[in-house]
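Hi everyone, thanks for coming. I'd like to walk you through a structure that is new to most of us, so let's bring it up on the screen.

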Amino acid sequence: MRAAAISMPRLDKMPGMFFSAGPKDLKEPSHSLLDDKTQKKRPKTFGMDMKAYLRSMIPHLESGMKSSKSKDILSAEEVMQWSQSLEKLLANQTGQSVFGNFLKSEFSEENIEFWLACEDYKKTEIDLLSSKAENIYKAFVHSDAVKQINIDFRTRESTAKKIKAPTPSSFDEAQKVIYTLMEKDSYPRFLKSNIYLNLLNDLQANSLK
């Protein structure tokens, strides 16, 4: 007797199973659904939150200074006044940006960013002091701060206590320390830097035309 041939059913013909492409056309996915879920559930990092906060607080430092625009609104006399004192430099918004760019080149831009954040904080409405004080503390003062400022332990601890019941002067002590640091350390180097001298020379040359 001849054995009856047994034919295997084709998978693509079986009910409930669908194949739109042959085996050669099927490609292994580059990532799994589990990866997608993991990425969606991944929380924002502390650093990203603080960077967003800093950008919103001091946008002119984040965007930087455009020299061509500055030359249109600055005079050589105004820029020369920056050399009289750090106070006069910081009183000028373009001066803040130029000085900020210099500090960024020295990897110490957190100093002016903190100083400007404190100036903004002093103008804050009373009911918003608590949240803003916490943001500034986390961004600059906390031991794990993204842009931790260089202040002594006593000042750091004192500031931490003050923001528990925040007032407009909660950061005054720390701000004064950073101002003095910039005044004695960064500011003299800034006046001798190419960033400042080239800007001043360009403005003086343009004023003679």
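I'll begin with the overall picture and the confidence, and then visit a few places along the chain.

First, please keep in mind that this is a predicted model. The protein has 209 residues, and 33% of them count as buried. What does the secondary structure come to? Twelve helices and zero strands. Among contacts between residues at least 6 apart in sequence, 66% join residues at least 24 apart. The protein exposes about 14,400 Å², and carbon and sulfur atoms supply 54% of that area.

Now, a word about confidence. The average pLDDT is 78, and 65% of the residues score at least 70. Residues 1-48 stay under 50 in pLDDT, and the model has eleven contacts beyond four places in sequence for them. Over residues 57-72 the pLDDT is below 50 as well, and that stretch has 27 contacts beyond near neighbours in sequence.

Let's move on to helix 8, which covers residues 110-121 and includes Glu110. Which side chain of opposite charge is nearest to Glu110? That is Lys147, 6.6 Å away; Glu110 is buried yet has no salt bridge. A salt bridge here would need the nitrogen and the carboxyl oxygen within 4 Å. Leaving aside residues up to four places away in sequence, Glu110 touches Phe140, Lys147, Gln148 and Ile149.

Just before that helix, have a look at Phe107, in the loop between helix 7 (93-105) and helix 8. Its phi is near 60 degrees, a positive value in a residue other than glycine. Most residues other than glycine have a negative phi. Is Phe107 buried or exposed? Phe107 is exposed, with a relative accessible area of 73%.

On to the salt bridges, nine in count. One of them joins the side chains of Lys132 and Asp120, at 2.9 Å from N to O. This pair links distant parts of the chain, with Lys132 in helix 9 and Asp120 in helix 8, twelve residues apart. Lys132 is partly exposed at 22% relative accessibility, and Asp120 is partly exposed at 30%.

Another pair is Lys138 and Glu134, whose closest N and O atoms are 3.0 Å apart. Both lie in helix 9, four residues apart, about one turn of the helix. In general, an α-helix has 3.6 residues a turn, so residues three or four places apart point the same way. Lys138 has a relative accessible area of 32%, while Glu134 has 39%.

Helix 11 brings us to Arg189 and Asp185, which are separated by about one helical turn because they are four residues apart. Their side chains meet in a salt bridge at 2.7 Å, N to O. Which residues are linked in a network with this pair? Glu106 joins Asp185 and Arg189 in a network of salt bridges.

Our last stop is helix 10, residues 153-162, with buried residues Thr155, Arg156, Ser158, Thr159 and Ala160. What do they pack against? Helix 9 (129-141) and helix 11 (172-191). At the N-terminal end of helix 10, Asp152 acts as a cap, with a side-chain oxygen 3.2 Å from the backbone nitrogen of Arg154.

That's the tour, and I'm happy to take questions.

How values were computed. Residues are numbered from 1 along each chain as its sequence is written. This is a predicted model: local features need pLDDT of at least 70, side-chain atom pairs count only at pLDDT 80 or more; totals for chains, interfaces and linings use all residues. Side-chain values use heavy atoms; hydrogens and water are left out. Helices (H or I, at least four residues) and strands (E, at least two) are DSSP runs, numbered from the N terminus. Buried means under 20% relative accessible area, exposed over 50%, partly exposed in between (1.4 Å probe, protein chains only). Contact means heavy atoms within 4.5 Å. Accessible areas come from the Shrake-Rupley method with a 1.4 Å probe; for residues, only the protein chains shown count as cover. Lys and Arg count as positive and Asp and Glu as negative; His and the chain ends are not counted. A polar contact is a pair of N or O atoms within 3.5 Å; within protein, one must be able to donate a hydrogen and the other to accept it, and residues adjacent in sequence count only if both atoms are side-chain atoms. pLDDT is the predictor's confidence in each residue, from 0 to 100.
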